[in-house]
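Q: I've got this model open and want to know where its labels come from. Can you walk me through them?

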Amino acid sequence: MNNPTAVVTGASSGIGAASARSLAAAGYTVVCAARRADRIEALAAEIGGRAVVCDVTDAAQVAALADAVGPTLDLLVNNAGGAVGLDPVEDADPDDWRDMFETNVLGTLRVTRALLPALEASGAGTILNVGSTAGRIAYEGGGGYTAAKHGVAVMTETLRLELVGRPVRVCEVAPGMVRTDEFALTRFDGDQARADAVYAGVKEPLVADDVADVVTWIATRPQHVNVDLVVVKPLAQAAQHKVHREG
Ligand code: 8X3
């Protein structure tokens, strides 16, 4: 592929920003899409990419992203999303669930639909959805997030079935515990103590660059190789509930 182009949503921080950097280092021109203009403009300047302000919950902004991308695209990384709260189902706020479905599930749907024609037109497209171990298991308090990430996982599988025979790969990376600046802080509405407790005693949680490595590895396999799913967790996390904590 000469001068491949990628779109990364949620590129303003965490796994999205790290993936944009990693893909740029691998030779992609990266369209950094996110809500915060200042962040993606700085990132795009750093990596020689482009910044397009896009809230994936806004159909008009997603349409504008597709316009900005133009007629062909090689790679779409659907990364925008996240968790809100850790309430048990019996106390859950439907607005929190709505937020999580809007970003993780419907955002992925909107952006995928808008960019699929360009991915197909490239003759060698790839859709890479950032899921989660939360898309494969249930845990107490995780109901809204696990439901949303299960939705992403099933949408990914469905799309792969529907696109078979067409030149677009459909892949998922499902990270476990990743320590980023914002994931846990957003989940707990800015409560730093609760956010820190998620990682307490865990020697080396994954960092965004670890997931970005996997993103770039999946994207750079030969085009006939469809990596359906990579589940990636830190050494200290054998399973969602089986985390080794020191001290
Ligand atoms: C993040 C994994 O454990 O917070 O996608 O649900 S978890």
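A: Sure, starting with the shell around the ligand: by class, it has four nonpolar, three polar and one charged residues. Here Ala, Val, Leu, Ile, Met, Phe, Trp, Tyr, Cys and Pro count as nonpolar, Asp, Glu, Lys and Arg as charged, and the others, Gly among them, as polar. This is a predicted model, where local features need pLDDT of at least 70, side-chain atom pairs count only at pLDDT 80 or more, and totals for chains, interfaces and linings use all residues. Numbering runs from 1 along each chain as its sequence is written, and side-chain values use heavy atoms, with hydrogens and water left out.

Q: Which residues are around the ligand?
A: They are Ser132, Ala134, Tyr139, Tyr145, Gly176, Phe183, Arg187 and Gln240. To be near, a residue needs a heavy atom within 4 Å of the molecule.

Q: What makes the Ser132 side chain a polar contact of the ligand?
A: A polar contact is a pair of N or O atoms within 3.5 Å (within protein, one must be able to donate a hydrogen and the other to accept it, and residues adjacent in sequence count only if both atoms are side-chain atoms). An N or O atom in the Ser132 side chain is 2.6 Å from a ligand oxygen, so the pair qualifies. Arg187 gets in too, with a side-chain N or O atom 3.4 Å from a ligand oxygen. For Gln240, a polar side-chain atom lies 2.5 Å from an oxygen of the ligand.

Q: Why does Cys54 have no disulfide to Cys32?
A: A disulfide is a pair of cysteine sulfur atoms within 2.5 Å. The closest cysteine sulfur to that of Cys54 is in Cys32, 12 Å away, so that's too far for a bond. The structure as a whole holds zero disulfides.

Q: Why is Cys54 called buried?
A: Buried means under 20% relative accessible area, exposed over 50%, and partly exposed in between (1.4 Å probe, protein chains only). Cys54 comes in at 4%, so buried it is. Cys171, at 0% relative accessibility, counts as buried as well.
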